[in-house]
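This report concerns one helix and the salt bridges of a single model. Please consult the sequence and the structure shown here while reading.

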Amino acid sequence: GYQERFGVTYTDYKFGPDPNAFGQNAATQPTEGNQLRRRKDSSCWLEAVWSGQKLLDVNPPAFSGCVASSIFTGTFTDNPAGVCEREITVNQDGVIGSLTCDSAKCPLDPCKGTHTVMFSGG
């Protein structure tokens, strides 16, 4: 079921009706394209333990939590030739930003133009 929430990733299923589901739960199914996944603090703590190769207290100053979404700001290439660029910007609120794809350098890329994106931590 979707009631228990174990693990290092939180998933918000955005429940709603599913026209392909049958029975009494057809109106409360995870909806396609509306799910949000984000890291839990425990995931960030495990990353700090693995990268530092030592156990950390879960409280500051030993562990300060997950990185901020501003970590994603920059220009990135995602193909071996290094010509298809994506620029990610994060607004000051840390929640909303944009993804811009350089269609001039990569005309066959399906990602064209600028798209609004939502961030949930780093």
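The helix is described below, followed by the salt bridges.

The model is predicted, so local features need pLDDT of at least 70 and side-chain atom pairs count only at pLDDT 80 or more, while totals for chains, interfaces and linings use all residues. Residues are numbered from 1 along each chain as its sequence is written, and side-chain values use heavy atoms, with hydrogens and water left out.

Helix α1 (helices are DSSP runs of H or I, at least four residues, and strands are runs of E, at least two, numbered from the N terminus) comprises twelve residues, 41-52. From first to last C-alpha α1 reaches 16 Å, close to the 16 Å expected at 1.5 Å a residue, where the expected span is 1.5 Å times one less than the number of residues. Ser 43, Cys 44, Trp 45 and Val 49 of α1 are buried; buried means under 20% relative accessible area, exposed over 50%, and partly exposed in between (1.4 Å probe, protein chains only). After α1 comes Gln 53, with a positive phi near 55°.

Three salt bridges are present, each defined as a side-chain nitrogen of Lys or Arg within 4 Å of a carboxyl oxygen of Asp or Glu.

| Salt bridge | Closest N and O atoms |
|---|---|
| Asp 12 and Lys 14 | 3.8 Å |
| Arg 39 and Glu 47 | 2.8 Å |
| Lys 105 and Glu 85 | 3.4 Å |

The pair of Lys 105 and Glu 85 links distant parts of the chain, 20 residues apart: Lys 105 lies in the loop between β7 (96-101) and β8 (113-118), and Glu 85 in strand β6 (residues 85-90). Lys 105 is partly exposed at 44% relative accessible area, and Glu 85 is partly exposed at 24%.
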